[in-house]
Amino acid sequence: MSDIKAYTNKKGEKLYKFRIYVGLVDGKSKYVNRAGFRTKTEAKKAYQEVKFSAYQGEYRQESNLDVNLRTFGDLYDFWLKQYKNTVRGSSYYVIKKGLDKNVYPYLKNKQLKSITLIDCQNLINRLLKTNPGNYVILSVYTKKILQYAVTLKLISENPMNNVIKPRKKKDIWK
């Protein structure tokens, strides 16, 4: 509780104040300042409330997007519309076909905010077993889709960033 400090106002009264870090907003550190508490106990109580609110995500900036993108499936459909305008038709078709078959069924109903590193790691491991020839490109595009969610401020961090990429094992005894 060293964040709680005593100070004297213009009237000469001893009051308490605090400053607490609540996270990043638009890439900048966000702090909450409160002052004017008559007792240290009041200040501690308010400090704990702000700390709990920050933990619950109250101070995180939500996306200003009007589109209702709650699940990976919703994001995937939205991303595909944007992606289609950036590549040739043949490239779009090949990527869409691979993602539709291998990634979409696995993550489609997952809430974006609940997709974890473990979900992504399991997906990568599964792709390596089921589609070893294309697992790298599929993981790259899955990472791009989740990064788009970060760009839209739907999630704060891309869980694909910390996935351990397995190596394809060569059978040297053939």
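On the surface of this predicted model, V136, I137 and V140 form a nonpolar patch with about 220 Å² of accessible area together. Patches of this kind join nonpolar side chains (Val, Leu, Ile, Met, Phe, Trp, Tyr) within 5 Å, from residues with over 30% relative accessible area and no salt bridge, a salt bridge being a side-chain nitrogen of Lys or Arg within 4 Å of a carboxyl oxygen of Asp or Glu. Accessible areas come from the Shrake-Rupley method with a 1.4 Å probe. V140 is found in helix α6 and, at 36% relative accessibility, counts as partly exposed, a class that lies between buried (under 20% relative accessible area) and exposed (over 50%).

Residues are numbered from 1 along each chain as its sequence is written, and side-chain values use heavy atoms, with hydrogens and water left out. Because the model is predicted, local features need pLDDT of at least 70 and side-chain atom pairs count only at pLDDT 80 or more, whereas totals for chains, interfaces and linings use all residues. The mean pLDDT (the predictor's confidence in each residue, from 0 to 100) is 84 for the chain, and 85% of its residues reach 70 or more.

The chain has 6 helices and 3 strands, which are DSSP runs numbered from the N terminus (helices H or I, at least four residues; strands E, at least two). From the N terminus on, these elements follow the order β-β-β-α-α-α-α-α-α. Confidence is highest in strand β1 (residues 4–8), at a mean of 92, and lowest in strand β2 (residues 14–25), at 84.

Of the 174 residues in the chain, 35% are buried. The largest nonpolar core, a core being a set of buried Ala, Val, Leu, Ile, Met, Phe, Trp, Tyr and Cys residues joined through side-chain atoms within 4.5 Å, holds 31 residues, of which F72, L75, L99, V103 and L112 touch the most other members. Two or more residues of this core are given by each of α2 (72–84), α3 (89–102), α5 (117–130) and α6. A second, separate core of 12 residues includes Y16, F18, I20 and V32. When residues up to four places away in sequence are not counted, L75 touches L69, L112, I145, Y148, A149, L152 and L154.

In the segment after α6 (135–151) lies K153, a residue other than glycine with a positive phi, near 65°. K153 is partly exposed, with a relative accessible area of 36%.

Note on methods. Buried < 20%, exposed > 50% of the residue type's maximum accessible area, 1.4 Å probe, protein only. Contact = heavy atoms within 4.5 Å. Patch = residues over 30% accessible without salt bridge, like charges linked within 9 Å, V, L, I, M, F, W, Y side chains within 5 Å.
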